[in-house]
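Biologist: I have a predicted model open on my screen and would love some company while I look at it. Could you take me closely through one part, the packing around a helix, and then show me what else is worth a look?

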Amino acid sequence: MKYSIGIDIGGSNTRVALVDEDMNLIERIQFRTNPDDPQETLEKIREVIKGFDKDIVGIGVSCPGPLNLKTGYIINTPNLNESWWTFSIPETITEMTGLPCYLENDANLAALAEAVVGDGKDKDYVQFLTVSTGLGSGQVVHKEIVNGAHGFAHEVANCILWSNGPSHGRLSPGAVEAICSGTAITNRARKAGLDVAHAGEVNDLAVQGNEIAAEIMDDAKEYLANMIATLVAVTDPEIVILGGSVAMKIDGFVKDVEDRVKAKVFPPVDQYVDVRPSSLSEDSGLLGAAYLAFSKAGK
């Protein structure tokens, strides 16, 4: 039996998983990411991999984007400090372990997992979006990630949908992430005077009849549906899978978004709209990273 390693480097935690060639997650180890020192984090990764003691063919690494996939480094991200930016993660891991290592955007790898072992495993055109702290997107065609000419395909977070609309962080006003992400929903509610800790609480207030909360949640669903309807028009996916805490934990969210998408596309297209919640756990990024390593090692 051969194995690969899937690694998910996040702003708070790093997870390292051993995955077999049947895509079974055998072992997973998690530790705190050092947001200021990539070398320290990668040394811990090396020690974990050394401890697995298996026939490992390669390593896949999931990181938040945007990434420079040609050179193998993070361009910038709000979750990891500047010491990580332009630091060559795959090259360093290969030097440490002697194993080939491949870097990819976290949403792309989650999409890949959905296309290989999730509800998209029998589909050729799989669209994935994660609606959580931020909003990420990825598309997989014939089990291959769609990267585009420069590696930035499906970096949809800054797509402008609302003229002079809400903004946060480095996003432009009216960007889809600034309207639909959990952070955006929570920030808009707080600015409107609501005492909430997360998007789920905003939704609870909306269900209870709070008009401000209801408007914020309606905006999130409406503009997410606009984004998905646009993706359907441009790329014609067979399935659209939604992951992330907002999509997965708010009752009725995905079904409401699907109904709105069907109402927005051309009538001949609505019968093909299939929007559903992810059937995978939070390990989708690890599984996608492991599959990436297997697929690259076999070429």
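Modeller: Happy to; here is a walk that begins with one helix and moves outward from there.

Please keep in mind that this is a predicted model. Let us begin with helix H1, residues 38-52. How far apart are the end C-alpha atoms of H1? They are 22 Å apart, and since 15 residues at 1.5 Å a residue should span 21 Å, the two values agree. The buried residues of H1 are Pro-38, Thr-41, Leu-42, Ile-45, Val-48, Ile-49 and Phe-52. Looking down the axis of H1, you will find these buried residues within an arc of 115 degrees, so they line one face of the helix. On the other side of H1, Lys-50 and Gly-51 are exposed.

What covers that buried face? The cover includes four strands, E1 (3-9), E2 (13-20), E3 (25-32) and E4 (56-63), together with helix H2 (89-97).

Those strands lead us to a second helix, H10, which runs from residue 284 to 297. The buried residues of H10 pack against E1, E2, E3 and E4, and also against strand E7 (101-105) and helix H3 (106-116). Ten of the 14 residues of H10 are buried, so the rest of the structure largely encloses this helix. Among those buried are Ser-284, Gly-285, Leu-286 and Leu-287, as well as Leu-292, Ala-293 and Phe-294. The length of H10 also checks out: its 14 residues should span 20 Å, and its end C-alpha atoms are 20 Å apart.

Going back to H2, look at the loop between strand E6 (73-74) and that helix, where Asn-76 lies. Is Asn-76 buried or exposed? The answer is in between, because its relative accessible area is 22%, which makes it partly exposed, while the cut-off for buried is under 20%. Beyond its neighbours within four places in sequence, Asn-76 is in contact with Gly-65, Pro-66, Trp-85 and Arg-170.

From Asn-76 we can step to Lys-143, 67 residues apart in sequence and 27 Å apart in space, C-alpha to C-alpha. Lys-143 is found in the loop between E9 and E10, and His-142 has its place in that loop too, between strand E9 (135-141) and strand E10 (144-145). Most residues other than glycine have a negative phi. His-142, however, has a positive phi of about 50 degrees, and the phi of Lys-143 is also positive, near 65 degrees. His-142 is partly exposed, with a relative accessible area of 47%, and Lys-143 is partly exposed at 26%.

Another spot to click on is Asp-218, which sits in helix H7 (residues 211-235). Asp-218 counts as partly exposed at 36% relative accessibility. The C-alpha atoms of Asp-218 and Cys-180 are separated by 9.6 Å, although the two are 38 residues apart along the chain.

Finally, how many cavities of 30 Å³ or more does a search of the whole structure find? The search finds one, and about 40 Å³ of space lies in it. Its lining includes Val-232, Asp-236, Pro-237, Glu-238 and Ile-239, along with Tyr-272 and Asp-274. By class, the lining residues divide into six nonpolar, three charged and no polar.

How values were computed. Residues numbered from 1 in each chain as written. Predicted model: local features only at pLDDT ≥ 70, side-chain atom pairs only at ≥ 80, totals over all residues. Heavy atoms only, no water. 1 Å grid on protein atoms, 1.4 Å probe; cavity = no way out; pocket = protein on both sides within 12 Å on 5 of 7 lines; lining within 4 Å. Points joined across faces, edges and corners; volume = space filled by probe spheres on them. Nonpolar A, V, L, I, M, F, W, Y, C, P; charged D, E, K, R; others polar. Helix = DSSP H or I, 4+ residues; strand = E, 2+ residues; numbered from the N terminus. Buried < 20%, exposed > 50% of the residue type's maximum accessible area, 1.4 Å probe, protein only. Expected span 1.5 Å × (residues − 1). Arc of directions from axis to C-beta. Contact = heavy atoms within 4.5 Å.
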